[in-house]
Amino acid sequence: MNRISIIGALLAGCLLAACNRGTDGVGPAQQAGKAIDDAGARAQAKVDAAGARVQEKLDHVNEKIDRINEKVEDKVQAQVQKADQAVREAREGAKEATERVGQKVEEAGEKMQQAAK
């Protein structure tokens, strides 16, 4: 029985030693919880930093896309204006040609009338 009492006393002492708080009043479970919280905070900080870097790169790419779009829009607009001018000139040329053909037909008609007299 003496042995059982000694073993019980040793177990009780070990349990008390394990549950005792350190000098700062923080127990082992609290220390483990703090370590987990700190690790989570560090991981979140790294994720936030990586997200910020990705956002910066996306902003940079979007700026380049905007500049390219502006250049393309300017070039497309210039081509549209050239095409409009070419159409206007073609219409004007067709109108002039139609008028000349009409005059020639009139002249030919007049010659035919005079030849018929």
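## A positive patch

Lys64, Arg67, Lys71 and Lys75 come together as a positive patch on the surface. This is a predicted model, so please read everything below in that light. One member of the patch, Lys75, sits in helix α2. With a relative accessibility of 60%, Lys75 is classed as exposed, because the cut-off for that label is over 50%.

## A negative patch

Charge of the opposite sign has a patch too: Glu56, Asp59, Glu63, Asp66, Glu70, Glu73 and Asp74 form a negative one on the surface. Take Asp74 as an example from this group. Asp74 belongs to helix α2, which covers residues 28–116. The relative accessibility of Asp74 is 54%, and Asp74 therefore counts as exposed.

## A nonpolar patch

Which residues make the nonpolar surface patch? The answer is Ile68, Val72, Val76 and Val80, and their patch amounts to about 330 Å². Val76, one of these four residues, is again a residue of helix α2. Why is Val76 called partly exposed? Its relative accessibility is 46%, and the partly exposed class takes in values between the buried limit of under 20% and the exposed limit of over 50%.

## The salt bridge

How many salt bridges does the structure hold? There is one, and the partners are Asp38 and Lys34, whose closest N and O atoms are 3.0 Å apart. Both residues lie in helix α2, with a spacing of four residues, or about one turn of the helix.

The two partners fall into separate accessibility classes. Asp38 has a relative accessible area of 31%, so Asp38 is partly exposed. Lys34 has a relative accessible area of 52%, so Lys34 is exposed.

## The chain as a whole

Stepping back to the full protein chain, what does its secondary structure consist of? It comes to two helices and zero strands. One of them is helix α2, residues 28–116, the home of Asp74, Val76 and Lys75 from the patches, and of the Asp38 and Lys34 pair.

The accessibility figures for the chain are worth a look as well. Of the 117 residues in the protein chain, 1% are buried. The chain exposes about 10600 Å², and 59% of that area is supplied by carbon and sulfur atoms.

Terms used: Residues numbered from 1 in each chain as written. Predicted model: local features only at pLDDT ≥ 70, side-chain atom pairs only at ≥ 80, totals over all residues. Heavy atoms only, no water. Patch = residues over 30% accessible without salt bridge, like charges linked within 9 Å, V, L, I, M, F, W, Y side chains within 5 Å. Areas by Shrake-Rupley, 256 points an atom, 1.4 Å probe, with all protein chains shown as cover. Salt bridge = Lys/Arg side-chain N within 4 Å of Asp/Glu carboxyl O. Lys, Arg positive; Asp, Glu negative; His and termini not counted. Charge placed at Lys NZ, Arg CZ, Asp CG, Glu CD. Buried < 20%, exposed > 50% of the residue type's maximum accessible area, 1.4 Å probe, protein only.
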